[in-house]
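Colleague: I am new to this structure and would like a close look at a single part. Please take the helix packing at the start of the chain, and then follow the chain from there.

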Amino acid sequence: MISLDEFNQHMQEKGWFIFHEIVSMELVNRMLNDLQFAYQTCRKIQLSNNIPENNEGTLHHLVELGESFIDYLVFSEQLNPYLQSYFCSKYILNSFGGNINKKGISSYASMIHRDIRSYSAHIPLLLNTLVMLDDFIPNNGATYLMSGSHRTHPALPSEQEFSSVAEQAIAKAGSVLVFNSNLWHCAGKNTTDLPRRSITPMYCRPFIKQQYDYSRALGYDKVEQYSDWLKQTLGYRARVPTSLSEWYQPKEKRMYQSDQG
Ligand SMILES: O=C(O)CCC(=O)C(=O)O
Ligand SMILES: [Fe+2]
């Protein structure tokens, strides 16, 4: 694995880095299988709630939609030194989506965007990761990233500006792309007949609101089986009380723990 110094240098200069082929194909294949069922669940609700457009191929909050996705989070502890170094602190899962990028369809992910709504300049609040479940090749819609734009472009660049600088994340299935959430990016156009699938766990400082209340959604029944790492990552130590009884607790039982920053 790359040294922390080198990783930090990449993140500083380009704003992104690829860990090549670190996830086993056994886990990749289990995630691909779960992704298919997860998409049916997400798509059904997108349609019944009348938001068919812009969402085709997209999935959200996968931790509830397949064991393999939890297994990925467990695996991803390997990346902890890098993520901790990026945030200079502890962090939690902010969202956990996915994208099935296919020929002929496009979603919000295919438009030039960034996933942090408020530009945070040099303050690391949010970090994108993207796990490649298929090989990412130039013509199957591999992600484009505008290198350096986390430093240089607080506002949306023009298409021309974007495409003159953007680089594609080309790597094999099982690779993990990590990027500063201030970076402008988009999914590429898939012109092949095969899908280009990915999952996108994003992380934030624990004082930032998660996009989904993972700890409450998963509940407390299984929490004893979770490792320290999983409890931290899902946000079990950075919750918001909903009653005075939850608020008035001894230090070790507080909903928001003192080491969360
Ligand atoms: O699928 C991709 O290449 C990019 C996905 C993305 O940017 C997103 O989901 O926000
Ligand atoms: Fe994105």
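**Helix packing at the start of the chain**

Modeller: Four residues of α1, namely Leu 4, Phe 7, Asn 8 and Met 11, meet Pro 81, Tyr 82, Ser 85 and Tyr 86 of α4. By class, this contact of α1 with α4 has six nonpolar residues, two polar ones and no charged ones. The model is a predicted one, and the values below are computed from it.

Helix α1 covers residues 4-13 and helix α4 covers residues 80-87; they pack at an angle of about 50 degrees, with their axes 10 Å apart. Because of that angle, α1 is oblique to α4. The crossing in which α1 passes α4 is right-handed. A general point helps in reading the contact: an α-helix has 3.6 residues a turn, so residues three or four places apart point the same way.

Just ahead of this helix is Ser 3, which has its place in the segment before α1. Ser 3 counts as exposed because it has 8 C-beta neighbours inside 10 Å. Ser 3 and Pro 81 are 78 residues apart in sequence, yet 10.0 Å apart in space, C-alpha to C-alpha. Pro 81 is also one of the α4 residues that α1 meets.

Next along the chain is a second helix pair, α2 with α3. The axes of α2 and α3 come within 9 Å and cross at roughly 145 degrees. Here the crossing, α2 passing α3, is left-handed. On the α2 side the contact is made by Leu 27, Arg 30, Met 31 and Asp 34, and on the α3 side by Ser 68, Phe 69, Asp 71, Tyr 72 and Phe 75. By class, the contact of α2 with α3 has five nonpolar, one polar and three charged residues.

Helix α3 spans residues 67-75, and in it Ser 68, Phe 69, Ile 70, Tyr 72 and Leu 73 are buried. Of these, Ser 68, Phe 69 and Tyr 72 also belong to the contact with α2. Helix α2 (25-48) is one part of what covers the buried residues of α3; the cover also includes β3, β4 (126-132), β9 and α8 (228-234).

Two residues between α2 and α3 have a backbone detail in common. Asn 50 has a positive phi of about 65 degrees although it is not a glycine, and His 61, not a glycine either, has a positive phi of about 55 degrees. Asn 50 has its place in the loop between α2 and β2, the strand at 58-59. His 61 has its place in the loop between β2 and α3. With 7 other C-beta atoms within 10 Å, Asn 50 is exposed, whereas His 61 is buried, with 20 such atoms within 10 Å.

Two of the strands that cover α3, β3 and β9, lead on to the ligand. Ligand 1 is surrounded by Gly 97, Asn 99, Asn 101, Ala 109, Asp 115, Thr 143, His 185, Ala 187, Ser 198 and Thr 200. The elements that give two or more residues to this shell are β3 (92-101) and β9 (196-204). Strand β3 provides the largest share, three residues. By class, the shell around ligand 1 has two nonpolar, seven polar and one charged residues.

How values were computed:
Residues numbered from 1 in each chain as written. Chains lettered and ligands numbered in written order. Predicted model: local features only at pLDDT ≥ 70, side-chain atom pairs only at ≥ 80, totals over all residues. Near = placed C-beta within 6 Å. Nonpolar A, V, L, I, M, F, W, Y, C, P; charged D, E, K, R; others polar. Buried ≥ 20, exposed ≤ 12 C-beta atoms within 10 Å, placed from the backbone. Contact = placed C-beta atoms within 7 Å. Axes fitted to C-alpha atoms, helices over the stretch in contact; angles between N-to-C directions. Parallel < 35°, antiparallel > 145°, perpendicular 65-115°, else oblique. Left-handed = near helix turned anticlockwise from the far one by under 90°.
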